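Visitor: I'm new to reading protein models, and I'd like a close look at one part. Could you walk me through the pocket and the pieces around it?

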Amino acid sequence: MKTNPSKELLKGTLTTIILRLLSEKGKMYGYELAQCVKETTDGKVLIKEGSLYPALHKLEADGLIECEKVMIGKRVRKYYHLTPAGETATAKAINELLEFLSTIHHLITTEPIYGNT
């Protein structure tokens with residue numbers, strides 16, 4: 001049985017997911033980002049265009065990513081990559097998210113995190 005996180009859970013993590021993927025892959029276009037998330041999570045996390053592109057535009061406006069337009073046939077494809085400020089922000093965002101997830105884990109369960117004993 002597949003479980004899909006609610007939109008509210010995903011909303012708070014989307015920016016970090018985008019930054020992390022761009023940090024790992026170098027540059028990606030929007031559809032590629034969405035497909036990578038889908039494949040990496042076995043379809044458990046799906047990013048809709050209505051969430052992805054506003055997040056990309058916000059990251060670009062904040063100076064954390066830049067867009068490069070490339071002609072593919074007769075179409076323009078926008079590849080996104082991290083700026084130096086985005087590289088710094090990625091590490092901070094990942095650490096903040098991991099710390100938050102650990103805190104929530106301890107708040108809702110007595111089980112050791114990630115199966116550690």
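Guide: Four helices each give at least two residues to the lining of the largest pocket: α1 (7-11), α2 (14-25), α3 (30-40) and α5 (84-108). Please keep in mind that this is a predicted model. The space in the largest pocket comes to about 760 Å³. To find such places, a probe the size of a water molecule is rolled over the atoms, which shows where empty space is left. Here 30 residues line the largest pocket, and those nearest its centre are L9, T13, I17, L97 and L101. Sorted by character, the lining holds 18 nonpolar, 7 polar and 5 charged residues.

Now let's follow one of the helices that help to form that lining, α5. Its 25 residues should span 36 Å at 1.5 Å a residue, and the C-alpha atoms at its ends are 37 Å apart, which agrees. Find G86, A89, T90, A93, L97 and H105 on your screen: these are the buried residues of α5. They pack against α2 and β3. L97 deserves a second glance, since this buried residue of α5 is also among those nearest the centre of the largest pocket.

To see α2 and α5 meet, pick out T16, which lies in helix α2. T16 counts as buried because its relative accessibility is 12%, and the cut-off for buried is under 20%. If you leave aside the neighbours within four places in sequence, T16 is in contact with A93, I94 and L97. Two of the names there, A93 and L97, you have already met as buried residues of α5.

Next comes α4, a helix you can check with the same ruler. Helix α4 covers residues 49-61, and at 1.5 Å a residue its 13 residues should span 18 Å; the end C-alpha atoms are 18 Å apart, so expectation and model agree. In α4, the buried residues are L52, A55, L56 and L59. Looking down the axis of α4, you would find its buried residues within an arc of 100°, so they line one face of the helix. G50, K58 and A61 are exposed on the other side of α4. And what covers the buried residues? The cover includes α2, α3, β2 (65-72) and β3 (75-82). So α2 and β3 turn up again: they are part of what covers the buried residues of α4, and the buried residues of α5 pack against them too.

The stretches on either side of α4 are worth a look as well. In the loop between α3 and α4 you will find D42. Its phi is near 55°, a positive value in a residue other than glycine. Most residues other than glycine have a negative phi. With 57% relative accessibility, D42 counts as exposed. After α4 comes G63, which has a positive phi near 80°.

Finally, zoom out to place these parts in the whole chain. The protein chain has 5 helices and 3 strands, and from the N terminus on its elements run α-α-β-α-α-β-β-α. Its C-alpha trace spans about 55 × 35 × 25 Å along the principal axes. Of the 117 residues in the protein chain, 30% are buried. Among contacts with a separation of 6 or more, 49% are between residues 24 or more positions apart.

Key:
Residues numbered from 1 in each chain as written. Predicted model: local features only at pLDDT ≥ 70, side-chain atom pairs only at ≥ 80, totals over all residues. Heavy atoms only, no water. 1 Å grid on protein atoms, 1.4 Å probe; cavity = no way out; pocket = protein on both sides within 12 Å on 5 of 7 lines; lining within 4 Å. Points joined across faces, edges and corners; volume = space filled by probe spheres on them. Nonpolar A, V, L, I, M, F, W, Y, C, P; charged D, E, K, R; others polar. Expected span 1.5 Å × (residues − 1). Buried < 20%, exposed > 50% of the residue type's maximum accessible area, 1.4 Å probe, protein only. Arc of directions from axis to C-beta. Contact = heavy atoms within 4.5 Å.
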